[in-house]
Amino acid sequence: MSVVFQLRKEADILEWIEELKSFIPEEQIKTTLADRHSYSYDGSFGEYLPDAVVQVKQKEEVAAVLKLANMYHIPVNPRGQATCLSGGPLPVHGGISLDLSQWPQHVEVFPDDLIAVTSPSTRTGKINEAAEAYGLMYPPDPSSAHVATIGGNLAENSGGPRGLKYGVTKDFVIGLELVTPEGEIIRTGGRTIKNVTGFDLTKLVVGSEGTLGVITEATLKLLPKPPAVQTLMVVFDDVRTAGAAISKTLTSGILPSKMEFMDQACIQAVENFQPAGLPVDADAIVIIELDGHPETIAIETERVQDIMENIGAVKSTIPETEAEAAKIWHARKQVSPAIAKIKPTKVSEDATVPRSKIPDLMDRLDVIKEKHNVEIVVFGHAGDGNLHPNVLCDKRDQEEMRRVELAVEDMFEAAIELGGTLSGEHGIGTMKAPFMEMELGEVGLDLMKRIKDSWDPNGIMNPGKVFPEKGQKLVLRNE
């Protein structure tokens, strides 16, 4: 890049930043190097510096920013709390980091309609808390629900443990308010459960990772909260047996609300980090939650125990109190911080396969681990095939990170070959973009690009995400 072009680019940046100040309060525009660095990363890998940060607090501000950005061809990268594990909010091509986390949190429940209307900045956990006041619940429960915004969840189509029975974010969104890339405010869907008027733009936008516009309001479906829940912890001395027991349970006519898996490395890490009484000699444990009517739960609990033991479980434990059950689920939530103590860096993936292929995926992960000499631990939502293989490493070791890159690529290939997908809930972002054609094929990927181009003719919305750029590869090293 020539010095002349650099100077012209800097002059252009100063020009549109000054124009921003004419309709956005100056205190909501951040341009210092320190502020820009604060918005250069998320929960994944890679750092990219935005030219400016704009903290929007109302839809009119979003519309004004996008109209300006469209006119100047400035990249706009929507961002919530940046808990994303796939690089979704990273300003890959600079431009504006559009921060929606400062937007006033607001959620209003309409119990008679079983819906909630919420701002994009509302923490996902707060939506469920508001619903519970009316005896209702918002089922999607990503692990980051206490800090992540619903806007980010909508962009990534987030899941969580309850996805097994209730589905993921897209299954609970019935309407959106959206600012298009050209700065127009539109509404999709509505407040009714049934709506077949035209194309389902709501479902198209959810999971589009900020590439089609900026969500400024969501109408969400709620459900009555089940009257009772029951937790079981089942111990196995063989991972493949655990996978077979999961499949057998799910084909028995019983549908748990949660079915979580932890391998031995995860169990031991949790016990070293924050002891919870987990069986450290077990090869794997499966934690199950049943919900519904108390009498139904009692029958289903007994049946699940029988199925697990007949398949080959070592033992099953039923907590006697809510506190004991909470302790088990807390242990499951401690897996991520616990394994981070083993090595300073972890690459968290979410390759998802058909439930019956979980044992095969576990076998493939063992092969990958040996082939590339990397440390892999596995946990996740086994009930829906959404495992989280985590590669533990040290990003300061460039040679190790090269091997990790190859291992992750092999993970994706294994998932696709087993009939699965690149991502069950983390999204594509920058991390998985190089592998999109592997799953979708050239024609499928081209169709997606054409939809993107028709919505966003100037290509300003979150460029560098989802769609691979020429020669793009997975890079976890500092090059």
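Where does Asp350 lie? I looked this up in what is a predicted model, and I found Asp350 in the loop between β16 and α13.

**Entry on the whole chain.** Before going further into that loop, I took stock of the chain, in which I count 15 helices and 18 strands. Its radius of gyration is 23 Å, close to the 23 Å that the globule rule gives for 479 residues, so I note the chain as being as compact as a globular protein of that length. Along the principal axes, I have the C-alpha trace spanning about 70 × 60 × 45 Å. Of the 479 residues, 55% are buried, and the chain exposes about 21100 Å², with carbon and sulfur atoms supplying 50% of that area. When I took the contacts between residues at least 6 apart in sequence, I found that 72% of them join residues at least 24 apart. For charge, I noted 48 positive and 71 negative side chains, and the centres of these two sets lie 1 Å apart.

**Entry on Asp350.** Is this residue, Asp350, buried or exposed? I have Asp350 down as buried, since its relative accessible area is 0%. I then looked at the polar partners of its side chain: there is a polar contact with the side chain of Ser423 at 2.9 Å, and the backbone nitrogen of Gly424 lies 3.0 Å from a polar atom of the Asp350 side chain. Setting aside residues up to four places away in sequence, I find that Asp350 touches, among others, Asn386, Leu387, His388 and Pro389, and also a run of residues from Leu422 through Ser423, Gly424, Glu425 and His426 to Gly427, with Lys432 on the list as well.

**Entry on Thr352.** I turned next to Thr352, which lies in the loop between β16 (345-348) and α13 (358-372). Its relative accessibility is 11%, and because the cut-off for buried is under 20%, I enter Thr352 as buried. Which backbone atom does the side chain of Thr352 reach? I find that it reaches the backbone oxygen of Asp350, at 3.0 Å, which ties this entry to the previous one. Leaving aside neighbours within four places in sequence, I list Thr352 in contact with Asp384, Gly385 and Asn386, with Ala415, and with Gly420, Thr421, Ser423 and Gly424.

**Entry on the two together.** Reading the contact lists side by side, I see Asn386, Ser423 and Gly424 both among the residues touched by Asp350 and among the contacts of Thr352. Ser423 and Gly424 are also where I found the polar partners of the Asp350 side chain.

Note on methods:
Residues are numbered from 1 along each chain as its sequence is written. This is a predicted model: local features need pLDDT of at least 70, side-chain atom pairs count only at pLDDT 80 or more; totals for chains, interfaces and linings use all residues. Side-chain values use heavy atoms; hydrogens and water are left out. Helices (H or I, at least four residues) and strands (E, at least two) are DSSP runs, numbered from the N terminus. The radius of gyration is taken over C-alpha atoms; the globule rule is 2.2 Å times the number of residues to the power 0.38. Buried means under 20% relative accessible area, exposed over 50%, partly exposed in between (1.4 Å probe, protein chains only). Contact means heavy atoms within 4.5 Å. Accessible areas come from the Shrake-Rupley method with a 1.4 Å probe; for residues, only the protein chains shown count as cover. Lys and Arg count as positive and Asp and Glu as negative; His and the chain ends are not counted. The place of a charge is taken as NZ of Lys, CZ of Arg, CG of Asp or CD of Glu. A polar contact is a pair of N or O atoms within 3.5 Å; within protein, one must be able to donate a hydrogen and the other to accept it, and residues adjacent in sequence count only if both atoms are side-chain atoms.
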